[in-house]
Amino acid sequence: MILTMVLSASVWLQAVSAKEHPLLFCLNVVSEKYFTPKCTLVISLPSYNEDDQQDSVNKDFSDEELVDSLVEQLHRSEKWPIITSRVSDFSDVASMRKVVYDKYQSYVIFGYASSVNDIVQMIAQQVQMLSYHPAWNPRARFAVIPLIEDDIIDIRTEIAQRLLTLLWQWKIINVVIFINVPEQNMTSPSKCNDVRDVILLDTWIAESRGYFAFNANLFPIKVENNLQTCPIKAATFPLEIVVGGTEYFFINGELEQKVRYTEGWEVQFIQLIAEHLNSSLEFLLPPPNNEKWGTLSEDGTFTGLIGDLVYNRADIGFAAWPLHPIMLMIVDPTKSYLQDVWAWYVPCAKKIPRWKSIFLVFAPATWMAGLFSVLFSVLVMVFLAKGKYLEQNLREFDAYVKVDTCFSCVMAVIFGVSVHAMPRTSPLRMFFISWMDSYEEILASGVEFGYNPFIDAIVEESEQYIRKKRVACHDKNIPPCLDWVAYYDNFSLLCSTTFMDYVLTRWYLDDNGKPLICKAGDTFYSTKTIEAGFASRLLERGMELQRIQAAARTRDALVDKYSTLNLEHLQVFQAFLTTFIIEPGLQHQMSSIQEILASEVNYGYNSGFDIIFRDSTDEISQTILNNRLECNEGNNPPCLDWVAYHDNFSLLCSKKLLEYILTRHYLDKNGNPLMCQAGGVFFPLNYVTYMEKWNPLQYRFNDMIIRALEYGLFDKWLQDDFHLQRIQAGAIARKKNVDEYFDLTLEHSQGIFAILLPGIALSILAFIGEVLVSLLYVKLYRLLKVTSNEATGIITEDIGPLTQNQSCQGANLT
């Protein structure tokens with residue numbers, strides 16, 4: 001780093017009084033030109049020592065008087081709020097811990113002593129004390145004024161170098177040193193971290209009130225975009241995705257081991273920044289004992305990457321290191337270059353077995369209600385069929401008198417199958433009609449209805465009631481029968497389904513493109529049409545053109561909320577059944593941390609994030625912290641396997657990391673992930689690179705990070721890496737057309753067979769039972785007959801021999 005000093009002329013000691021000293025005029029010019037107005041100016045004074053004042057650098061006045069004059073001059077200018085500080089015994093610790101909302105921008109440090117070591121030690125004490133204050137700012141501008149005796153003038157350049165080296169320990173680089181030396185050429189500065197040489201910036205000429213000889217900039221930019229190939233020491237460790245490609249090698253005759261990293265998002269990003277700063281990365285070995293990011297140990301020392309930064313072993317540290325408020329107390333972060341969220345991941349919901357699809361059409365309560373409705377209807381119909389109030393001794397069919405046959409008729413009505421005999425009596429007919437959703441319901445509703453008069457010839461003679469009550473609806477919607485149906489809900493229309501389908505592709509639709517007119521019941525009557533496809537294709541194209549012109553492609557819907565008439569049970573059942581046969585759906589999946597905790601399934605995460613749960617005071621965070629399992633890098637233990645393959649674990653993990661892993665691993669045969677996110681974001685994270693406190697590289701790194709993010713480089717790397725992973729996994733799905741037909745196979749009919757096969761099995765069992773009962777009946781009958789004959793023979797022997805006539809009579813009696 002280039003560190004600077006200012007050399008005053010040899011007239012330094014020619015002043016006759018403290019107020020006429022050239023140093024006053026020099027400091028006044030520097031402060032007015034370089035110290036920010038209205039920002040606090042800190043003046044640090046050494047501890048007062050009478051012995052030091054006896055050996056003053058001036059014979060006419062003491063160093064204390066000179067310092068007082070300098071402070072008085074700065075105070076009289078009234079341009080800055082001034083704070084004075086003097087080295088003490090550090091008894092006032094409370095004042096150094098108060099909360100401040102500003103950082104000091106300018107410092108003036110005075111020091112005087114009789115030896116080089118004493119003055120260096122004195123200024124070190126002053127800087128140490130200043131650093132304890134909450135408003136301490138090493139990036140401010142410093143003016144250091146060591147008052148040195150004449151007998152050590154020959155080594156004042158060495159004093160300046162030692163002071164600059166001292167200040168570098170606090171990362172102070174914007175500093176000038178006011179010192180009196182003879183005019184001479186100074187050596188060039190060193191390129192990198194070490195302070196080896198000093199450079200003469202300007203000379204104060206003490207003529208009249210004085211002036212600078214070169215009028216140079218005393219506080220130039222010290223860290224530019226060109227670091228002159230100086231290496232940047234980086235601390236990190238192998239971490240999946242972000243840091244990889246580890247290579248170990250030896251230098252100095254295999255006496256010193258080194259490491260380099262060549263892969264990973266973060267490694268590429270930091271290397272890009274280093275290259276644009278004309279620098280290179282020199283990696284430290286990974287932290288020993290698996291310390292990783294590190295923590296504060298019991299003996300008060302820092303471990304891991306934190307220790308490398310705090311103890312100045314590394315300039316930067318990174319490894320998917322999240323930004324955290326506690327870290328800001330000991331290290332400085334760069335701008336965030338990657339935003340991520342952490343969420344809970346659970347096993348993805350498994351598909352519902354297809355044999356259950358038929359039972360998913362309705363909810364269990366609906367199935368039970370339907371069953372009780374059927375049983376109740378059967379009982380009512382049997383009661384009505386056996387009723388006493390019959391029409392003119394009109395007897396009902398036997399099919400409705402018996403429970404079993406009546407049950408068959410009711411089921412036929414439900415499933416849209418014709419019954420073999422229609423009811424004959426009026427009470428049973430009325431109840432039977434209540435199971436059907438047809439035009440009888442329209443007639444019973446009292447709503448007006450109509451159709452084109454030419455259909456009167458088709459209406460059967462038995463339905464003359466319809467002809468008498470109908471409203472004539474002519475062509476061109478005159479009168480507006482369609483409007484009455486669609487907008488007023490007070491009319492029913494008998495119309496051609498083909499014509500209505502055409503009309504509803506463009507007109508009489510709601511805001512969502514759904515029709516306002518629906519079909520009620522089955523076909524009222526039908527006409528024969530051409531069975532070929534040419535005419536039907538023309539019709540379909542015409543309807544498609546209508547939809548395009550109307551921009552009214554409707555979404556699939558099973559039940560229309562605007563329907564004025566209910567659909568039949570069968571239509572709803574068939575629509576739902578087809579849907580569930582194609583896609584039966586998924587089983588329940590945990591969707592929140594509350595469900596995860598209630599399920600008593602094991603869960604875990606990386607132990608490095610315990611700090612986030614310790615900071616929280618809610619009960620859930622403490623429960624998670626106390627019961628979590630540790631899931632380390634490299635899937636050790638195999639937490640990902642437990643989630644994906646065993647369905648007995650929940651994992652708190654980075655969303656970016658899981659997205660990367662799921663592009664290639666933990667996929668089913670269709671390329672779908674086996675792990676799914678449960679709920680929303682659990683907590684967000686911003687990944688940064690940390691630096692040693694007050695590192696001057698921070699501004700340059702932030703500038704390069706902002707540029708790289710504005711270019712979109714980091715996002716492009718992520719997308720390219722994701723895409724490469726998918727290509728290597730062969731998991732890029734073929735783009736499918738939405739209108740592509742779905743092939744139904746026997747596999748999709750498992751639900752139907754789940755009912756059919758048990759029914760067949762019961763039928764076979766019933767048949768076998770009938771056969772067994774028949775065989776058993778025959779066997780018992782024969783056994784009883786033999787027993788009866790034997791009993792007859794015993795009685796005959798008791799009576800004695802009979803004559804032929806008597807035997808015949810006995811046999812007849814028997």
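**Cores, a loop residue and a surface patch**

Let me begin with the interior: the largest nonpolar core has 67 residues, and those with the most contacts inside it are Ile-316, Phe-318 and Phe-701. Strand E22, which covers residues 675–692, gives the most to this core, contributing 7 residues. Please keep in mind throughout that this is a predicted model.

Staying with Phe-318 for a moment, and leaving aside its neighbours within four places in sequence, this residue is in contact with Ala-234, Ala-235, Thr-236, Val-243, Glu-266, Val-267, Ile-270, Phe-283, Leu-305, Tyr-337 and Thr-689. There is also a second core, separate from the one I have just described, which has 32 residues, among them Ala-113, Val-116, Ala-135 and Val-198.

Next, a loop residue. Thr-303 sits in the loop between strand E12, residues 280–283, and helix H7, residues 304–310. Is Thr-303 buried or exposed? Thr-303 is buried, because its relative accessible area is 19% and the cut-off for buried is under 20%. Not counting residues up to four places away in sequence, Thr-303 touches Glu-291, Trp-293, Gly-294, Thr-295 and Ser-297.

Finally, the surface, where a nonpolar patch of about 1,100 Å² is made by Phe-753, Leu-756, Leu-757, Ile-760, Leu-762, Ile-764, Leu-765, Phe-767, Ile-768, Val-771, Leu-772 and Leu-775. Taking one of these residues, Val-771, we find it in helix H24, which spans residues 750–799. Val-771 has a relative accessibility of 35% and therefore counts as partly exposed, since that class lies between the buried limit of 20% and the exposed limit of 50%.

How values were computed
Residues numbered from 1 in each chain as written. Predicted model: local features only at pLDDT ≥ 70, side-chain atom pairs only at ≥ 80, totals over all residues. Heavy atoms only, no water. Patch = residues over 30% accessible without salt bridge, like charges linked within 9 Å, V, L, I, M, F, W, Y side chains within 5 Å. Areas by Shrake-Rupley, 256 points an atom, 1.4 Å probe, with all protein chains shown as cover. Salt bridge = Lys/Arg side-chain N within 4 Å of Asp/Glu carboxyl O. Helix = DSSP H or I, 4+ residues; strand = E, 2+ residues; numbered from the N terminus. Buried < 20%, exposed > 50% of the residue type's maximum accessible area, 1.4 Å probe, protein only. Contact = heavy atoms within 4.5 Å. Core = buried A, V, L, I, M, F, W, Y, C linked by side-chain atoms within 4.5 Å.
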